[in-house]
Amino acid sequence: MGKKHKKDKGKKSTTKAGKGRVNKEIPNEDGQLVEVDFAKPLGGFTDELRIEKGFSLAEFDPSSTPGFAGDKDDGKQALAAAKDEFSDLLERLHAGSTAGSQDAILLVVQGMDTSGKGGIMRHVVSINPQNVNATAFKAPSKEEQAHDFLWRIEKALPEPGQFGVFDRSHYEDVLIVRVHDLVPEEEWSTRYAKINAFERRVAGSGTTIIKVMMHISKDEQKERLQERLDRPDKYYKYNPGDVDERQYWDAYMEAYQVALDKCSTVKAPWHVIPADRKWYARLAVQQLVLEALRGMRLEWPAADFDVEAEKARLADS
């Protein structure tokens with residue numbers, strides 16, 4: 001990330017949604033290949049949002065739109081236009097596992113309350129629920145507390161062919177735990193190295209890890225909490241504890257900065273998503289996953305039987 005995404009200096013890229021289409025063939029419900037008009041890939045979100053050495057969360061503008069020059073309507077159209085390709089690639093990911101591929105994807109979503117984690121689940125993750133393995137991590141149970149902090153994370157990892165999603169994650173054990181002194185510093189301070197070793201092992205097993213921090217401003221969070229109080233249909237989302245946590249905002253930002261600094265690695269880099277604009281945050285996360293899927297060069301597995309012979313047998317049956 002460069003200076004162009006610092007606060008009050010937001011210079012957007014020249015990438016524009018909706019220009020050009022890409023035709024690809026995918027199987028329909030009857031298994032026949034049909035041509036689908038996919039949106040031309042936007043590209044560049046990974047490079048724009050992946051943090052680099054020296055990244056400063058305090059200087060990053062949560063209302064910026066790195067990698068996208070369109071407006072809200074353009075963003076919504078781009079999100080919708082990419083759904084077919086997203087679904088197709090997730091299906092290919094699943095299909096590969098039936099032929100022995102160990103490929104999987106893990107999307108780790110972190111962020112302050114109201115930063116849009118739920119919107120990511122509804123508008124991005126739910127596109128192809130067949131091979132999605134989503135886990136929302138809450139406060140650890142007594143059983144989980146009796147084990148190492150990574151124990152429950154290990155159990156929730158995606159299997160080959162799955163799209164795993166963590167709504168909050170093992171990073172809570174160096175965020176809320178640090179901010180509220182839930183365990184001694186000598187304990188949580190050793191967890192960064194353990195997390196890096198854990199993620200290195202997971203990536204080595206064939207799982208592509210995409211970590212995103214939904215970066216919302218304190219003012220925007222206040223507006224979203226106010227909306228929940230103003231609308232009866234939003235009361236169920238409101239938690240009085242969210243207001244209490246606002247008192248620790250600076251401490252959380254410090255904890256996030258340290259986690260970003262210590263745990264953004266080659267195999268499991270961090271991406272910071274400006275989250276003040278919901279439409280952009282959803283598009284950005286979708287595109288990050290899409291770019292990862294494209295990079296995996298997923299192919300339909302070849303038949304392990306004689307296709308023509310089976311056609312003949314079926315015709316005679």
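Helix α10 of this predicted model has a buried set made up of E220, Q221, R224, L225 and R228. Look down the axis of α10 and you will find these buried residues within an arc of 140°, so they line one face of the helix. The spacing of such a set follows a familiar pattern: an α-helix has 3.6 residues a turn, so residues three or four places apart point the same way. Turn α10 round, and the face away from the buried side shows the exposed residues D219, K222, E223 and D230.

What do the buried residues of α10 pack against? Their partners are α11 (240–246), α12 (249–263) and α13 (278–295). The length of α10 can be checked too. It has 13 residues (218–230), which at 1.5 Å a residue should span 18 Å, and the end C-alpha atoms are indeed 18 Å apart.

Two of the helices that α10 packs against, α12 and α13, lead us on to the sheet. Here five strands are arranged as an open sheet with parallel pairing, in the order β4-β5-β3-β6-β7. Which strands stand at the edges? They are β4 (132–136) and β7 (270–274); each has a single partner strand, so one side of each is left without a neighbour in the sheet. From one strand to the next, the twist averages 20°.

Within this sheet, take a moment with the pairing of β3 (residues 104–111) and β6 (residues 207–215). The two strands run parallel and are joined by eight bridges. If you would like a place to start, find I105, which stands opposite T208 in β6.

Now bring the helices back into view. Helix α12 packs on the sheet, where it touches β3, β6 and β7, and its direction makes about 140° with that of β7. Helix α13 lies across β3, β5 (163–167), β6 and β7, and runs at about 165° to β6.

Let us finish with charged side chains. Side chains of opposite charge can pair when their charged atoms come close. The model has 16 salt bridges, and one of them joins R201 to E154, with 2.7 Å from N to O. Why does this pair link separate parts of the chain? R201 belongs to helix α9 (residues 191–204) and E154 to helix α6 (residues 151–155), so the salt bridge ties together parts that are 47 residues apart in sequence. Both ends are partly exposed: R201 has a relative accessible area of 47%, and E154 has 34% relative accessibility.

R231 is another residue to follow. Its side chain meets that of E227 in a salt bridge of 3.0 Å, N to O, and that of D233 in a salt bridge of 2.7 Å, N to O. Is R231 buried or partly exposed? With a relative accessible area of 33%, R231 is partly exposed. Its two partners are partly exposed as well, E227 at 30% and D233 at 43%. Elsewhere, a network of salt bridges links D113, R168 and E172.

Definitions and conventions: Residues are numbered from 1 along each chain as its sequence is written. This is a predicted model: local features need pLDDT of at least 70, side-chain atom pairs count only at pLDDT 80 or more; totals for chains, interfaces and linings use all residues. Side-chain values use heavy atoms; hydrogens and water are left out. A salt bridge is a side-chain nitrogen of Lys or Arg within 4 Å of a carboxyl oxygen of Asp or Glu. Helices (H or I, at least four residues) and strands (E, at least two) are DSSP runs, numbered from the N terminus. Buried means under 20% relative accessible area, exposed over 50%, partly exposed in between (1.4 Å probe, protein chains only). The expected span of a helix is 1.5 Å times one less than its number of residues. The arc is that of the directions from the helix axis to the C-beta atoms. Contact means heavy atoms within 4.5 Å. Two strands pair if DSSP finds at least two bridges between them. Axes are lines fitted to C-alpha atoms, for helices over the stretch in contact, and angles run from 0 to 180 degrees between N-to-C directions.
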